[in-house]
Amino acid sequence: MDVMYYGDTLIVDLPTGKTEQVEFSPEMLTENGPGLAAGIALYRDHEDGDPLVFGSGLLTGTTAPASSLGFVLGKSPLSGELAVSPLSLFSGAEMKLSGFSMVVIKGDSPKPVYLWLHDGVADVLDAAELWGLDTWGTTDAVRSEMGEQLVQVVSIGPAGESPSKLSAYSINYWGSGDTAALGARMGGKKLKAVALRGLGMLDAEEPQDFYEGAKGLLSEAPAWKGFNKACEGIDAGDIDGWLKPLVHRYRSCFACPAACNTFVKYNEGPSVMESTGVEEPGMLVTGAASAAWLLSGGWKAEPACRAMESMARAGIDLIRGARELAGSPLDDASETEEAVGGLSGGEEAGWPGGDSSPKGLFGPWVPPLADEDEWLLANRIGYVIGICPTYLLASGMETSGLFGLCSSAAGVELDPSMVAGMFS
Ligand code: SF4
C-alpha cells in the first residue's frame, strides 16, 4: 500500500501523554474499507479508551474535485451512539498532508493538552495557557506559537470545556458541522485542540492515470458561489440574497470547484480590500443550515452574522444554536451576545421547513438534497473516499470517475454497493 495514502496510524494515549505510530495494515483496508470504514474499525479496536478518531478519506488532500473531507468520529454525548462530524475547509487535507491518515485519541488527559501534528511528527503539548480561551483566541495563540498562519486549528471554546452538550469543535475561527457535540467529548478529554500542518506529498500507485483522471473530472466539474446551489429544492430561503449586502468574497474548501463559504464584513465596508486596521472585520459563514434557521426566523443578516460569530467563538454548535435563536430576532449586538450566552441546547439539529434530516451516524451538516437512501449513500461515499457529500449531491457528479481515481491512486476497487456494504 502506498505510504502517503495510508501511512502510519497514530495512537495517542492521553492519560500518559504518550504517542505510538502503528503501521497501517493493508488488511484493514481490504477487510473494512478506507476512510470512515477504517476509522470505525479503529474505533472498535480501541473502544475501551472511549476514543475520538480523527481520519481522512482515500482521496482527501489530492487533486480530485472537492477532496477536502476528513472526519472526527466518536461517541456522541447527545445520543450515546457513534457519530461522525466533518473536517472541512482545509483541515481534512492538512491532516492527510501532515503524514497521518488516521489518529486514535484514547482516554482522558489529567490536564489540558493539545495535539500538534506536523510533517510526520506528533507532539502532545501543554494547553494550560489555552484553557479558558475562546476558539478565536486559541487559533491565534496556536498559530503564533508555531509561527505559521496556515496551521489548521480544530479547537473547543468555553462551551466544550464545561463540557456543554451544545458545544461543537470549531475549525479555525469558523465553527464546524459538528452537530453531535464531539466538542464536548474533546472537553471531557481535556483536549483543547488538534493543530495540523504538513507539506507531505501524496504519491499515486499509477500517477499518470491519476493525474489525467483528476484533470478530466475537474474540467467538467460544476462550480458555483454561495449557498443557494447547495440548498436548491429545499426550504432554506434565499441565503445568498440575504447575505449579499455584506459579502466580501467567496471561499472554497480544499480543491473544491465550488465556493459555498461566504466571507461577510460588518465591522467595515464589505468592498474594502486593503487593510484598514480593523482587527476583525467580519466572519466566514460556512454553515448553510445555521444561516437558513436565522433567515427563516426573520433575523436581519448583520445581527445574524454577529450571532454566528458569537457562537463560533464560544464553540457552540451553530445549527442547534441558530435553531434556538431563530424565533427571537435581535438587532442589538450586546443583546445578541447575551442571547448566545443563554442558549440552553434544547433544540435538535436539522433544517427549517420540517425536520427531515436523517439521524444516526451522520448529522444534518449535508443538506437534505435527495431522498434518505441517496443522501445516506452520498455521506457514506463522501466519508470513505474523502469527497464532500454536499458537493456530490449538489453537483450531480457521477461517482464512477471518483472510484476510478481510487483505483489509480491506491489500487482500491470500489463501487456504491461495496461502500454501502461497509456500513451494514
Ligand atoms: S461543496 Fe461547499 S462545503 Fe463542500 S467542499 Fe465545496 S465549498 Fe466546501
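## Cysteines

C388 is buried, with a relative accessibility of 12%. The model in front of you is a predicted one, and all values here were computed from it. C231 is buried too, at 4% relative accessibility.

If you are wondering about disulfides, the count is zero. Why does C231 not form a bond with C260? The cysteine sulfur closest to that of C231 belongs to C260, and it lies 8.3 Å away, which is too far for a bond. For a disulfide, the two sulfur atoms would have to be within 2.5 Å.

## A negative patch on the surface

Now to the charged residues. Which residues form the negative surface patch? They are E205, E206, D209, E212 and E413.

E205 is a good member to look up in the structure. You will find E205 in the loop between β11 (191-197) and α7 (207-220). Its relative accessible area is 43%, so E205 is partly exposed; to count as exposed, a residue needs over 50%.

## D8, ahead of the first strand

Where does D8 sit? D8 belongs to the segment before β1, the strand that covers 9-13. Is D8 buried or exposed? The answer lies in between: with 28% relative accessibility, D8 counts as partly exposed, because buried means under 20%.

One distance helps to place D8 in the fold. D8 and N172 are separated by 164 residues in sequence, and their C-alpha atoms are 26 Å apart in space.

How values were computed
Residues numbered from 1 in each chain as written. Predicted model: local features only at pLDDT ≥ 70, side-chain atom pairs only at ≥ 80, totals over all residues. Heavy atoms only, no water. Buried < 20%, exposed > 50% of the residue type's maximum accessible area, 1.4 Å probe, protein only. Patch = residues over 30% accessible without salt bridge, like charges linked within 9 Å, V, L, I, M, F, W, Y side chains within 5 Å. Areas by Shrake-Rupley, 256 points an atom, 1.4 Å probe, with all protein chains shown as cover. Salt bridge = Lys/Arg side-chain N within 4 Å of Asp/Glu carboxyl O. Lys, Arg positive; Asp, Glu negative; His and termini not counted. Charge placed at Lys NZ, Arg CZ, Asp CG, Glu CD. Helix = DSSP H or I, 4+ residues; strand = E, 2+ residues; numbered from the N terminus.
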